[in-house]
Amino acid sequence: MQADLLPGDKHGPKDGRSNISQFWTNVGILASHNREQAAILFGMLFTLVIWLISVVSLLLACLFYVTFLWRHVSKSDGTLTKYCRRKLDTRLSKIVSKKVDKALARGERLRAQDSIKAERPAHMKRQPTIPLVDEDHYSLDQVHLSRQTTKTSFSNGRPSSDNAPIHLNRKPIIPIISPLSDRPEAPS
């Protein structure tokens, strides 16, 4: 299927119209005969317009960037290579100086902590935390430990196991299984 939208022959501009006005006239004629083809044509036209806007934006951005670099680089460094080298050197020097400053501050902090630890007197050093008890003052006779039994702390109505006999005279419960002859046969 081919649309007859090209100017020329019988579908060309007539009566002094321009090619663009004849194009829109041909699209109107096509839309009255075949709406699907007209919708496809407008979708393609919309995509073309968006693509053209993107290409023009890209070209303008490249042009503006090159002119910016040309003006900016020529004043400060002379060449693009020197400009890029200067930018990288300054950024890397900032990063490295920040890391070095952090490391130096950490080293100073550790040295200060070590000097504080070294300045402590010997009796102030960390000792185990076991209490010192004067054995003459306390005796084991004075210390009373009380213990509650399970029976007194939990009263749930069950008999305690303290009085239960060691051997229980009951037999284990065995389930009763019917003989195999009473069972139905398995399906085959």
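Good morning. Of the 188 residues in this protein, buried residues make up 7%. I should state at the outset that we are looking at a predicted model. Its secondary structure comes to four helices and zero strands, and from the N terminus on the elements run α-α-α-α.

I shall begin with the aromatic residues. A search of the whole structure finds one aromatic pair. The partners are W24 and F42, and their arrangement is stacked, with 6.0 Å from centre to centre and 20° between the planes. This pair links distant parts of the chain: W24 belongs to helix α1, residues 19-33, while F42 belongs to helix α2, residues 35-76, and the two are 18 residues apart. For those wondering about the two values I quoted, a pair of aromatic rings is described by the distance of the centres and the angle of the planes.

How accessible are the two partners? W24 has a relative accessible area of 43% and therefore counts as partly exposed. F42, with a relative accessible area of 39%, is likewise partly exposed.

Let us stay with helix α2, where F46 is also found. F46, V49, I50 and I53 together make a nonpolar surface patch of about 390 Å². Is F46 itself buried or exposed? Its relative accessible area is 57%, so F46 is exposed.

I turn now to helix α3, which covers residues 80-119 and contains K98. Here the subject is charge. K98 is one of the residues forming a positive surface patch, the others being K87, R91, K94, K99 and K102. The relative accessibility of K98 is 56%; because exposed means over 50%, K98 counts as exposed.

Which residues meet in a salt bridge? The count for the structure comes to one salt bridge, and in it the side chains of R111 and E108 meet at 2.5 Å, N to O. Both residues lie in helix α3, three residues apart, so about one helical turn separates them. As for exposure, E108 has a relative accessible area of 48%, which means that it is partly exposed.

To summarise, please keep three places in view on the structure. One is the stacked pair of W24 and F42, linking helix α1 with helix α2. Another is the nonpolar surface patch that includes F46. The last is helix α3, with K98 and with the salt-bridge partners R111 and E108. Thank you for your attention.

Definitions and conventions:
Residues numbered from 1 in each chain as written. Predicted model: local features only at pLDDT ≥ 70, side-chain atom pairs only at ≥ 80, totals over all residues. Heavy atoms only, no water. Patch = residues over 30% accessible without salt bridge, like charges linked within 9 Å, V, L, I, M, F, W, Y side chains within 5 Å. Areas by Shrake-Rupley, 256 points an atom, 1.4 Å probe, with all protein chains shown as cover. Salt bridge = Lys/Arg side-chain N within 4 Å of Asp/Glu carboxyl O. Lys, Arg positive; Asp, Glu negative; His and termini not counted. Charge placed at Lys NZ, Arg CZ, Asp CG, Glu CD. Buried < 20%, exposed > 50% of the residue type's maximum accessible area, 1.4 Å probe, protein only. Phe/Tyr/Trp six-rings, centres within 6.5 Å; stacked < 30°, edge-to-face > 60°.
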